[in-house]
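The following paragraphs lead the reader through one molecular structure. Please keep the sequence and the coordinates in view while reading.

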Amino acid sequence: MGNEVEDAVDVRLGARLAELRAERGWSLGELAERSGVSRSTLSRAERAETSPTASLLNRLCGVYGRTMSQLLSEVEGEPVLLVRAADQAIWEDEASGFVRRSVSPPHTGMRGELVEGRLAAGADIAYDRPPVPGLEQHIWVLDGALAVTAQDVEHRLEAGDCLRLRVWGPTRFRCPGPEGVRYALAVVRP
């Protein structure tokens with residue numbers, strides 16, 4: 001993904017984050033209290049001075065009651081029924097080695113979505129809360145290995161394994177290596 005495209009997504013994403021905060025009439029300070037994210041980090045994300053991390057977006061999605069796919073689809077445009085592989089939205093968190101492809105055509109009115117995740121060997125992402133409490137997830141490892149921790153239990157998944165869970169608290173996705181992992185994530189809002 002070229003820098004120009006990434007920058008355009010970050011600008012639209014920052015503008016949408018600012019809109020969501022304004023719709024609720026919150027100051028940056030109020031959002032910082034609700035999300036546990038510093039005002040300066042929130043301000044930089046809204047002004048697209050920095051690309052938000054997966055963890056930051058997860059916290060904001062939790063505050064705004066959205067999944068990450070919903071939030072990202074809100075900056076993509078009108079919903080479609082079919083999205084070709086070449087047109088599927090890809091978002092990358094370079095800091096954590098996480099690449100996220102929105103496989104399902106985005107649609108805010110639907111409860112389910114399909115995402116492809118890729119983690120580099122050694123990558124480790126911790127989410128302190130689900131974006132929506134009670135979110136149902138089906139994690140199917142396509143290539144490599146993935147360790148998923150939920151409710152203080154670590155599940156080690158190899159290629160072909162599938163884990164289904166309902167997310168109420170912190171989760172962690174870790175790629176133990178030696179190579180990266182590619183997995184399908186089916187998400188269903190309660």
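**From a buried asparagine to the cavities**

Asn-58 is buried, since its relative accessible area is 5%, which is under the 20% that sets the limit for a buried residue. The model in which this value is computed is a predicted one. Asn-58 belongs to helix α4. Apart from neighbours within four places in sequence, the residues in contact with Asn-58 are Met-68, Tyr-127, Asp-128, Arg-129, Pro-130 and Pro-131.

The helix that holds Asn-58 is itself mostly covered, with eight of the 11 residues of α4 buried. These are Ala-54, Leu-56, Leu-57, Asn-58, Leu-60, Cys-61, Val-63 and Tyr-64. After α4 comes Gly-65, which has a positive phi near 70 degrees.

What lies before α4 may be approached through Ser-51, which is placed in the loop between α3 (39-46) and α4. Is Ser-51 buried, partly exposed or exposed? Its relative accessible area is 36%, so Ser-51 is partly exposed, as the value falls between the limits of 20% and 50%. Beyond its neighbours within four places in sequence, Ser-51 is in contact with Asp-10 and Trp-91. Between the C-alpha atoms of Ser-51 and Met-110 there is a separation of 27 Å, and the two residues are 59 residues apart along the chain.

Helix α2, residues 28-35, has as its buried residues Gly-29, Leu-31, Ala-32 and Ser-35. Viewed down the axis of α2, these buried residues fall within an arc of 165 degrees, and therefore they line one face of the helix. Gly-36 follows α2 and has a positive phi, near 75 degrees.

The discussion now turns to the interior. In soluble globular proteins, nonpolar side chains tend to be buried together. The largest nonpolar core here has 44 residues, and those that touch the most other members are Tyr-64, Phe-98, Leu-119, Ile-139, Leu-146, Phe-173 and Tyr-183. Helix α4 (residues 54-64) supplies the largest share of this core, seven residues. As for Tyr-183, its contacts outside the neighbours within four places in sequence include Phe-98, Leu-119, Ile-139, Leu-146 and Phe-173. Val-115, Glu-116, Gly-117 and Arg-118 are also among the contacts of Tyr-183, as are Trp-140, Val-141 and Leu-142.

Where is empty space left inside the structure? Rolling a probe the size of a water molecule over the atoms shows where such space is left. Two cavities of 30 Å³ or more are found when the whole structure is searched. The largest cavity has a volume of about 280 Å³. Its lining consists of 22 residues, and Asn-58, Met-68, Tyr-127, Gln-137 and Leu-185 lie nearest its centre. Two or more lining residues come from each of α5 (68-74), β2 (98-102), β3 (112-119), β4 (124-127), β5 (135-143), β9 (171-174) and β10 (181-188). By character, the lining of the largest cavity comprises 13 nonpolar, six polar and three charged residues.

The second largest cavity has a volume of about 30 Å³. It is lined by Ala-150, Gln-151, Leu-165, Arg-166, Val-167, Trp-168, Gly-169, Pro-170 and Thr-171. Strand β8 (residues 162-167) contributes the most to this lining, giving three residues. The lining of the second largest cavity divides into five nonpolar residues, three polar and one charged.

Technical notes
Residues numbered from 1 in each chain as written. Predicted model: local features only at pLDDT ≥ 70, side-chain atom pairs only at ≥ 80, totals over all residues. Heavy atoms only, no water. Buried < 20%, exposed > 50% of the residue type's maximum accessible area, 1.4 Å probe, protein only. Helix = DSSP H or I, 4+ residues; strand = E, 2+ residues; numbered from the N terminus. Arc of directions from axis to C-beta. Core = buried A, V, L, I, M, F, W, Y, C linked by side-chain atoms within 4.5 Å. Contact = heavy atoms within 4.5 Å. 1 Å grid on protein atoms, 1.4 Å probe; cavity = no way out; pocket = protein on both sides within 12 Å on 5 of 7 lines; lining within 4 Å. Points joined across faces, edges and corners; volume = space filled by probe spheres on them. Nonpolar A, V, L, I, M, F, W, Y, C, P; charged D, E, K, R; others polar.
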